[in-house]
Amino acid sequence: MSLKVKKEIQGLTTIFTLQGVLDISTSGVIDDYLENIGTVKTLVIDFSKLEFIDSTGIGSIMNAIYLSQEKQFRLELQGVDELTNEVFETVGLYQILNTLQLEGV
Amino acid sequence: MILDNLTVRNTQDEQQLIDKTLQREINIARNIQTKLLNGKTPTFEGGEVSGNTLPARLIGGDYYDFYPLVNGKIRIVIGDVMGKGIPAAMLMILTRGAFRSAAESTQGPGETLTAMNQAIYEDLRTLRSFVTLFCADWDPQTGIFSYANAGHHLPLFIRGKSHEINELPKVKGIMVGGLPNQEYEEESVKLDSLDTIFFYTDGIIEAMNQEGEQYQLKRLIQTLIRHIEKDVGELEKCVMDSIIEFTEGLPQKDDITMVLLKINDQQADITSFNSPRL
């Protein structure tokens, strides 16, 4: 099980496309990318090639949310499939994202 | 750097000693967690509750608890701390302390979750962690089961007479540690004779077999329906056996926890009113 992160920079927008599994064994990969994100206006995380996410993976997305508040950039989650969408809805991730984006950006 | 044989041997001995000490401490930690999780289960007339957890590693981050209230109700909680192993286990203990403290001073499950979030939000935010929790009050006198949710899977509600099985009606609420000052809505259902509530963590439905297929909710539902006539302990064992059979001995990836509440034909009556002792 592995995670590949494809990073694309389009002006002040950075896109992370996640491919594989985002769990306890791979979350460090995206955490490293987030740590070294630099200056961005918008970060897009694309889940369309993600096969599985567990609670540690959700923790990494929470990290991205907190980082967006601290560094004042907009975070967009794209390509979320039905199952992952349901998990994000259940834990309240969208509500947290919307609340913190309104406060921080 | 040149190391002679004696230096190499001393370094190896020291490493072995550190490993041994660490292993012993992990075993003690496992023992502490097992004892705290598997405390006395409350007994009451007219029904039964049971809980069981199986960590993926030596210790885990899943949590469940029962807390008999002075008004005769019983408060039940199940939770899943982000992550696995020792870090999750440490936060599980933090969560347990918050629940035990909140359960005593709050009126209902929604208030309990609000108090827990208030108590541990800052710590969880600092540690970049969170916990999903489902909390419920069961009143054996009225048959009312009221509940609130903080980002956890909704338990399954199995009607004892018709064997109809559904998730409990939805109730909104985000994970504990996500945002401060959260209010948690409450919902309630009336439980009749032979009804069962099955609380669980995602380690059950995400258990994977050799082909990379997950156990999923559909298999859990099939298993519960097949064995619904059994008592809570046997039902628990049937679910666990079914998961083990499905995964064909593949190492468990996530902690597995379940809690069952089953009503029988008699009038329920909690025998232990003296919280927090179970």
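What percentage of the 105 residues in chain A is buried? Keep that in mind while you select chain A, bearing in mind that this is a predicted model; colouring by relative accessible area will show that buried residues make up 53% of the chain.

**First stop: chain A**

With chain A still selected, switch to a cartoon view, in which the secondary structure comes to four helices and four strands. If you trace the chain from the N terminus on, the elements follow the order β-β-α-β-α-β-α-α, with two strands at the start and two helices at the end.

Now reduce the display to C-alpha atoms and orient chain A along its principal axes, where these atoms fill a box of roughly 30 × 25 × 20 Å. The radius of gyration of chain A is 13 Å, which agrees with the value near 13 Å that a compact globule of 105 residues would have. If you then draw the contacts within chain A that have a separation of 6 or more, 69% of them are accounted for by residues 24 or more positions apart.

**Second stop: chain B**

Select chain B next, where the cartoon shows six helices and 12 strands. Along its principal axes, the C-alpha trace of chain B spans about 75 × 40 × 35 Å. For its 278 residues a compact globule would have a radius of gyration near 19 Å, and the 21 Å of chain B agrees with this.

Repeat the colouring by accessibility on chain B, and 53% of its 278 residues count as buried. In the contact map of chain B, restricted to residues at least 6 apart in sequence, 73% of the contacts join residues at least 24 apart.

**Third stop: helices 5 and 6 of chain B**

Within chain B, select residues 216-226, which form helix 5, together with residues 232-247, which form helix 6; the axes of these helices come within 10 Å and cross at roughly 135°. Because of that angle, helix 5 of chain B is oblique to helix 6 of chain B, the antiparallel class being reserved for angles over 145 degrees. The crossing of helix 5 past helix 6 in chain B is right-handed.

To inspect the contact itself, show side chains as sticks: from helix 5 of chain B come B:Arg219, B:Leu220, B:Thr223 and B:Leu224, and they meet B:Leu235, B:Cys238, B:Val239, B:Ser242 and B:Phe246 from helix 6 of chain B. Coloured by residue class, the residues of this contact between helix 5 and helix 6 of chain B divide into six nonpolar, two polar and one charged.

Conventions:
Residues numbered from 1 in each chain as written. Chains lettered and ligands numbered in written order. Predicted model: local features only at pLDDT ≥ 70, side-chain atom pairs only at ≥ 80, totals over all residues. Heavy atoms only, no water. Axes fitted to C-alpha atoms, helices over the stretch in contact; angles between N-to-C directions. Parallel < 35°, antiparallel > 145°, perpendicular 65-115°, else oblique. Left-handed = near helix turned anticlockwise from the far one by under 90°. Contact = heavy atoms within 4.5 Å. Nonpolar A, V, L, I, M, F, W, Y, C, P; charged D, E, K, R; others polar. Rg over C-alpha atoms; globule rule 2.2 N^0.38 Å. Buried < 20%, exposed > 50% of the residue type's maximum accessible area, 1.4 Å probe, protein only.
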